[in-house]
Amino acid sequence: MAEGSGSGGSGRGPPSALRRWEQLRRRAATPWARGLLAVAAGLGLLYAVLRVPVRLRDGLAAATVFLSTLTPKFYFALTVTSSFISGLIFVFEWWHFRKYGTSFIEQVSVSHLRPLIGGAESSPPAPAAFSAGDNESSRQSMPECKVWRNPLNLFRGAEYSRYMWVTGKEPLTYYDMNLSAQDHQTFFTCDTDALRPSDTVMQKAWRERNPQARIKAAHQALELNNDCATAYVLLAEEEATTIVDAEKYFKQALKAGEMIYRKSQNCHSQSPQHEAQLRRDTNVLVYVKRRLAMCARKLGRIREAVKMMRDLMKEFPLLSMLNIHENLLEALLELQAYADVQAVLAKYDDISLPKSAAICYTAALLKARAVSERFSPETASKRGLSTAEISAVEAIHRAVEFNPHVPKTKNEYVKQEVPVFTHLMKVIVRNVLHKENKISIY
C-alpha cells in the first residue's frame with residue numbers, strides 16, 4: 001500500500017516548489033512583466049544619476065569644512081615635511097650623480113617609465129662595418145649625433161684650400177658649410193644691418209654658398225665702407241692663402257672692429273636695436289681677437305698667443321660661446337705648461353658632464369702622463385691597477401665614449417711621451433665600439 005501510494009504521488013507531477021517556479025517564470029515572460037522590470041531599472045538608474053551630484057556636493061562641503069578648520073601649524077608642518085623630503089631626494093640625487101655620473105631620476109624615467117608610456121629606446125650603434133654592402137644597414141642603425149662647435153677650426157683659404165690643392169679632396173661637406181653659415185649669421189648680423197649698405201651686402205654674403213661670390217661681396221662691402229670689420233673677417237677666412245695674409249686681414253678687422261665697438265658702447269642704451277648692434281659688434285671683436293691669437297700660435301709666437309687669449313677671457317668672461325679656453329689649452333700643451341693646463345681644466349672641466357672632446361682628451365692625457373713613467377702591463381697584471389691608474393683609465397674611457405673618432409688621428413707627442421695613453425686608448429676604443437661592459441687593458 002505504501003509503495004503503491006508513493007508511486008502514485010510521483011506520477012501525478014513535480015513537487016509544489018518547482019511548479020511555483022515554473023508559474024513565476026511564465027508570468028515574467030509576459031509583455032507586461034517585462035515592461036515593469038524595464039520601468040524599475042530606469043527608475044534605479046535615474047536615482048543613481050541624480051544621487052552622484054548630491055554626494056559630490058556633500059563631499060565638497062565636507063572638504064571645505066575640513067580645510068577651514070586647519071590651523072597654521074598644520075601648514076607649517078606640511079611645508080617642513082615636504083622640504084625635508086625634497087632635501088633627501090636632492091642629496092641622494094647628488095650622491096648618485098657624483099658616484100655614477102648619471103641622474104638617478106633620469107635613468108629610472110628613461111629605463112622604466114619611458115617604455116610604459118610608449119617611448120622607443122634608441123638602438124645601440126652597430127659595430128664598425130668595413131664591407132660596402134653593410135654601409136646602408138649600419139647607417140640606418142646609427143643613433144642621432146649631437147653637433148658641437150669646433151673652436152680649433154682651421155682657416156678655409158689658408159688651410160682647408162691647401163689641403164684640397166694637395167690631395168684633390170674637398171675637406172668640407174655641404175653640411176659643414178651650412179652649419180658655419182648659420183654661426184656666421186648668428187655672430188655677425190643683427191636687425192640694424194639694413195640701415196648700413198655695407199652690412200646689408202655682408203648679410204647677403206654670409207648666405208652665399210659659392211666662395212667666390214662671398215669674396216666678391218666682401219670687396220663690394222669694403223668699397224661702400226672701408227671700416228667694415230666683417231668684410232675683413234670673411235677675406236681673412238677665405239681669400240687669404242697663407243696664415244700671414246690672414247693675420248694682416250684680421251689686424252685690419254681689429255682696427256675697424258674696435259672703432260665700431262666704441263661707438264656702439266656710447267649709444268647702446270638708446271633702443272633695443274642699439275643693444276642688438278652692440279652684441280653683434282662684441283661678437284665680431286671677440287672673434288677677431290681669438291683668430292689673431294690662433295694666427296700667432298700657428299706662426300710660432302705661442303707665448304704671445306697665450307697672453308692674448310688670457311686677456312680676452314678676462315675682458316669678456318661671460319662670452320663663452322666661442323670656447324676660447326680650448327684654444328688656450330692647445331697653446332699651453334704646446335708649451336708643455338702642464339700646471340697651467342691643469343688650472344684651466346679645474347675651472348672648465350666637469351667630470352660628470354663633459355663639454356667637448358678637447359677637454360675630455362686633455363684631462364685623460366694629463367692623468368695618463370702622471371702614471372706613464374712607472375706603469376708596466378706585466379706589473380699591473382700581477383698587483384692590479386692603482387688608484388691613479390684606475391682614474392686614468394676612467395678618464396680615457398670617458399673621452400673615447402664622448403668621441404671615439406679622435407684616437408684615429410696621429411699624435412707624435414702622445415706616441416713619444418705617453419705610450420701608455422696610446423695603449424689604453426686602443427683597447428678602450430675597441431671596447432666602446434663593440435659595446436663591451438667590461439674593460440680589459442691587456
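Of the contacts between residues at least 6 apart in sequence, 60% join residues at least 24 apart. That figure comes from a predicted model, and the protein's secondary structure comes to 21 helices and 0 strands. Buried residues account for 32% of the 442 residues. Here's a quick tour: a pocket first, then the helices around it, then a few single residues to click on.

**The second largest pocket**

- This pocket has a volume of about 390 Å³, and 19 residues line it, with Arg-156, Ser-161, Met-164, Glu-170 and Pro-211 closest to its centre.
- Four helices each put at least two residues into the lining: H7 (156-167), H8 (174-188), H10 (211-224) and H11 (229-239).
- H7 is the top contributor, giving 6 residues to the lining.
- By residue type, the lining splits into 9 nonpolar, 4 polar and 6 charged.

**Helix H7, the top contributor**

- The buried residues in H7 are Arg-156, Gly-157, Ala-158, Glu-159, Tyr-160 and Ser-161.
- Two of those, Arg-156 and Ser-161, have already come up as being among the residues closest to the centre of the pocket.
- The buried part of H7 has plenty of company: these residues pack against H8, H10 and H11, and also against H12 (243-267) and H13 (272-298).
- Just past the end of H7, look for Gly-168, which takes a positive phi of about 75°.

**How H10 meets H11**

- These two helices both supply lining residues to the pocket, and they also touch one another: their axes come within 9 Å and cross at roughly 145°.
- The crossing is left-handed.
- From the H10 side, the contact is made by Pro-211, Arg-214, Ile-215, Ala-218, His-219, Ala-221 and Leu-222.
- H11 answers with Ala-231, Tyr-232, Leu-234, Leu-235, Glu-238 and Glu-239.
- Sorted by type, the residues of this contact come out as 9 nonpolar, 1 polar and 3 charged.
- Pro-211 is worth a second look, since this residue takes part in the H10–H11 contact and is also listed among those closest to the pocket centre.

**Two buried residues in H13**

- Asn-283 sits in helix H13 and has a relative accessible area of 13%, so it is buried, the cut-off being under 20%.
- Leaving aside residues up to four places away in sequence, Asn-283 touches Thr-186, Phe-187 and Leu-319.
- Leu-285 lies in H13 too, and its relative accessibility is 3%, so this leucine counts as buried.
- With the same sequence neighbours left out, Leu-285 touches Leu-254, Gly-257, Glu-258, Tyr-261 and Phe-316.
- Leu-285 and Met-259 are 26 residues apart in sequence, and their C-alpha atoms are 9.9 Å apart in space.

**A buried glutamate in H19**

- Glu-389 is found in helix H19, which covers residues 387-402.
- This charged side chain belongs to a residue with 5% relative accessibility, so Glu-389 counts as buried.
- Outside the residues up to four places away in sequence, Glu-389 touches Val-371, Phe-375, Arg-383 and Gly-384.
- Glu-389 and Ala-370 are 19 residues apart along the chain, with a C-alpha to C-alpha distance of 8.8 Å.

**A positive phi without a glycine**

- Gln-336 is not a glycine, yet it has a positive phi of about 60°.
- You'll find Gln-336 in the loop between helix H15 (324-335) and helix H16 (338-348).
- Gln-336 has a relative accessible area of 48%, which means that it counts as partly exposed, given that exposed starts over 50%.

Methods. Residues numbered from 1 in each chain as written. Predicted model: local features only at pLDDT ≥ 70, side-chain atom pairs only at ≥ 80, totals over all residues. Heavy atoms only, no water. 1 Å grid on protein atoms, 1.4 Å probe; cavity = no way out; pocket = protein on both sides within 12 Å on 5 of 7 lines; lining within 4 Å. Points joined across faces, edges and corners; volume = space filled by probe spheres on them. Axes fitted to C-alpha atoms, helices over the stretch in contact; angles between N-to-C directions. Left-handed = near helix turned anticlockwise from the far one by under 90°. Contact = heavy atoms within 4.5 Å. Buried < 20%, exposed > 50% of the residue type's maximum accessible area, 1.4 Å probe, protein only.
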